[in-house]
Structure formats: structure tokens, C-alpha cells
Amino acid sequence: MKADMSRSVSHATPDRLVFETMGTVGSLVAPGGLPANLGPRVMSVFSEMDERFSLYKPQSEASRVSRRELAFADASPAYRSAYWVAHDWGTLTDGAFHPYRLDGTIDLHGVVKALAIDAAADLLQGLPDWCLNVGGDLVARGHDADGRPWVAGIVDPDDQHQLVSQALLTEELPAVATSGTALRGEHIWRLPQEHQFRQVTVQARDIVTADVLATAIMAGGRQTLQQMQTEHQLEVLAFGQTGDVWATPAFRA
Amino acid sequence: MSTRSTIAAVTAGAGVLALGWNIGTVNSQTLGASQPSTTQSTTQSTTTQSGSTGSGATGAGQTGRSGSTGQSGDQSTTSQAAPSSSAPSASGQASTPSSGLKDGTYTGQTINHQYGSVTVTVTVSGGRISGLSEQVSSDGDHHSIRIDEQAVPMLRSEVLAANSAAVNTISGGTYTSEAYLQSLQSALDQAK
């Protein structure tokens, strides 16, 4: 299977599944082995979400809503549910996170991947040990093959081939997401650049929280960082524009 | 990272009485506490934040686990106004010294505040408070930020370094499928 690596990302071994989805790559590791059919079911969760929400697919439900071909009220419960998750996070973050594009159309990409990871995590509940990482958003349970807690390396904002720090995943905070300059250009920036963070890593109780807050703190800067800390159990590692770094205790040497 | 030292500082000495608490019943006698004069004043908030579930609303029909972590973060604010010194003293007790406190050991109500909860026990001897101890507990579910848990600015050199040998998985800004092939994650995925 590795002979195909030059052409294809996807491959599977007894304890690791790597698959393309949502324009990025997912890695599912299960030290005890992946039960039959679990891998395909996990991939189905992502492909179904992608089919429904991808704005790169002209016939996805999200695209049709975006073009006003489909009224929001006529959209599927799954679509509307995702919208309300994103909408409510907009409220909780004081608008630092918002599911809209500049032209006012709904843009749910900020929650879709995390919602899919969440749904996949539900499928994995029967496994004692697993780690699911999709495009840098990850959640894990149990221990790795060496019996140790899962450790997530955090990419250096100055060098994507280096690690700047790491997050020790715990039962309390099993999810990590990192928001970086890959934020879409259509994002509405509220702060002048010197007040923005370059990269924000959030470790939280679930992946939707981690992903949304990483985005919100990127957009909202220090004020959002402080506010979100008082309202959610988090560990945060945030890099400013001028060499400054903000870190909660878990990320301090 | 222990909150106990923080609690101890907060509740040290007679400062705890500024929180306001009732002396509990002892031998079926309910006593009010008169506030002894204190030279130490502490300022701490006794209001706690009611916890919000971490991931907020999940919307109707959401089957994911976000939001189902369901911690009940409610911390009731049980601080009370300092008991009036005119509170009735218990019946049947011998005449007490001016403070109105009968000798004995009294356990106050457990007070929840932003650092956790504290229960104070006071010993009264000769009508005066002769000893004080506190029992603190950190509520594991209580996720209001503690002072020492806040994100603080620091130098990059002070950030916890990664142990490459221990890292299982990589978190960085989302990469495309093409970029994945050069990524650290792909190196891990191809190992072994």
C-alpha cells in the first residue's frame, strides 16, 4: 500500500487509517487495532458531512443555501443544526467567531470539520484507545501503543516542519485545535494586525469548543483570550505578531 | 499548582470572618458570632460564576458530543452578611464574656467562591477566638479561571518544548491534502 504514497494519501494498516476528506487528511490510530468496518464508517461520517456542507461542491446543501436556491427553513435538520451550533458560538464569543462571509452568506466551514470529528468520536466510543486527527484538529482517548497518554505536537508558526511545543491530552481535555494563517481570506478581521495572534492552539473538553475558540481567539485577540478562559476550561498557546507568546500553565516550561 | 496556598492566604487568621459565616450549632445551641476587631482586611470576591457548559449550545438534533460534557458548574454563592452581634445567644449557657462566644469548637458553613470551597473551623477559648483552621477543596468540575491558570505573556524560550520522541500526532494550521505529504503528520502516519 505504501507504494501508492506518491499518488495517494490514503492507506490503512491494522491500527492506522489515513484518509482524505474535506480537502485535508485524516489519521485515525487505534493501538488495539481497528475493528472491521469501523474505518469505513468513520470515513462515511466525513464524506457525508462534506457532501452536505462543502462550498466547493456546487450541489451541496450548503452551496444551494448560499445561492438562495434552498431556503434555510427548507434545509435539512442536519444543516440547520450545524448552523445553530455556529450561530450560538458566535454569540458565546461575542462575534469573534462568526459563521458568515463578507457578503453575508452563511459559512459553516469553521464548525463542519469539528462536528464531523465529534460524530466520528461517537462511533469510536467502544474503543479504549484511539486518536483521530483531521487536518490538525484532533481528539484522543486512552493511551498510545506504549501505554502513555497521547501527546500532540504543536507546529512552530515560523517553521511548519518544526514543533514549538506539545499538548498532553487528558481525560478532561482530550481535544486540540490550532488556528493559523490558513484562516480564509474572507474572514472579517476585527483587529489591526499588530494586535492579532499569528497562531492559536486551544486544548479543550471537546473538539468543537477547541476549534471554534482557536478561531475566535485568533480573530478577537487578547480580550477574547481572557474572556474565553473565564468561561471555558482551556489550555491555550497563542503566538502574537511581535514575538510575544501567551500560554496557560500546561504550555509553560 | 495548588489552590490551597491561595485559600490559606485568603482565609488566614480572622480575615475569614470578613466572608461572613454563621457559627454552626454546637450542643443544640445556636450562637451568633460577634465580629472581633480585625486588623487584617481581605478583599476577595465571594461570588462565583455559574459555569457554562464548555461547548455551548449544540442546537437541535446535534448528535455530536459537544455540549454533552454536561458539567453543572453552578456554584451557589453562600456568603452571607456578617452575623449581627445581636443574634441571640443560646439558651441555657453560662454567662459568656463580651464577645458572646461560648468556649468550644465551631464549624462554619462551607462557602463556595471562585477558588473552590472552604469550610472554617474556629476554636473559642475564654470567650475569644483562639484558633482557626480551614478545610479547602477544589471542585474538579469548577472551571472558572484561577489566577494561576490564566494565559500570561512570556518569551518563546519559556514555552514548554516538544519532545519529538513522545509526540503521537500533530496540531497546526489546517493543511491541504497536497501540503499534508510534506507535513510532520505524514511522517508520523508513515512510520512503522
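**View 1. Strand β6 of chain A meets its antiparallel partner, β7(A)****.** In this predicted model, strand β6 of chain A covers residues 151–156 and is joined to β7(A) by six bridges, with the two strands running antiparallel. To find your way along the pair, look for A:V151, which stands opposite A:L168 in β7(A).

**View 2. Strand β6(A) also pairs with β6(B)****.** Here the sense is parallel, and three bridges hold the pairing of β6(A) and β6(B). A good landmark is A:A152, whose bridge partner in β6(B) is B:T169.

**View 3. Three strands make an open, mixed sheet****.** Following the sheet across, you meet β7(A), then β6(A), then β6(B). The edges are β7 (159–168) of chain A and β6 (169–171) of chain B; each has a single partner strand, so one side of each is left without a neighbour in the sheet. From one strand to the next, the twist averages 40°.

**View 4. Chain A and chain B share an interface****.** Chain A brings 79 residues to the contact and chain B brings 61. About 5600 Å² is buried between the two chains, with carbon and sulfur atoms giving 50% of that area. Three salt bridges are found across the interface. One of them links A:D156 with B:R156, where the closest N and O atoms lie 2.9 Å apart. Polar contacts across the interface come to 30 residue pairs. On the side of chain B that touches chain A, the elements giving two or more residues are β5 (152–154), β6, α2 (177–180) and α3 (184–190) of chain B. Of these, α3(B) gives the largest share, five residues. By class, that side of chain B has 22 nonpolar, 32 polar and seven charged residues.

**View 5. Ten strands line up in an open antiparallel sheet****.** The order is β1(A)-β2(A)-β3(A)-β4(A)-β5(A)-β8(A)-β9(A)-β10(A)-β11(A)-β5(B). At the edges are β1 (11–13) of chain A and β5 of chain B, each pairing on one side only. Neighbouring strands are turned by 15° against each other on average, direction ignored. Within the sheet, β4 (residues 130–134) and β5 (residues 137–141) of chain A pair in the antiparallel sense over five bridges, and A:C131 stands opposite A:A140 in β5(A).

**View 6. Helices α1 and α5 of chain A pack on the sheet****.** Helix α1 (residues 38–53) touches β2 (16–21), β3 (24–29) and β4 of chain A. Its direction makes about 20° with that of β2(A). Helix α5 (residues 207–231) touches β5, β8 (175–179), β9 (197–204), β10 (235–240) and β11 (245–247) of chain A. The direction of helix α5 makes about 135° with that of β9(A).

Terms used
Residues are numbered from 1 along each chain as its sequence is written. Chains are lettered from A and ligands numbered from 1 in the order in which they are written. This is a predicted model: local features need pLDDT of at least 70, side-chain atom pairs count only at pLDDT 80 or more; totals for chains, interfaces and linings use all residues. Side-chain values use heavy atoms; hydrogens and water are left out. Two strands pair if DSSP finds at least two bridges between them. Helices (H or I, at least four residues) and strands (E, at least two) are DSSP runs, numbered from the N terminus. Axes are lines fitted to C-alpha atoms, for helices over the stretch in contact, and angles run from 0 to 180 degrees between N-to-C directions. Contact means heavy atoms within 4.5 Å. Buried area is the accessible area (1.4 Å probe) that two parts lose on being put together, summed over both. A salt bridge is a side-chain nitrogen of Lys or Arg within 4 Å of a carboxyl oxygen of Asp or Glu. A polar contact is a pair of N or O atoms within 3.5 Å; within protein, one must be able to donate a hydrogen and the other to accept it, and residues adjacent in sequence count only if both atoms are side-chain atoms. Ala, Val, Leu, Ile, Met, Phe, Trp, Tyr, Cys and Pro count as nonpolar, Asp, Glu, Lys and Arg as charged, and the others, Gly among them, as polar.
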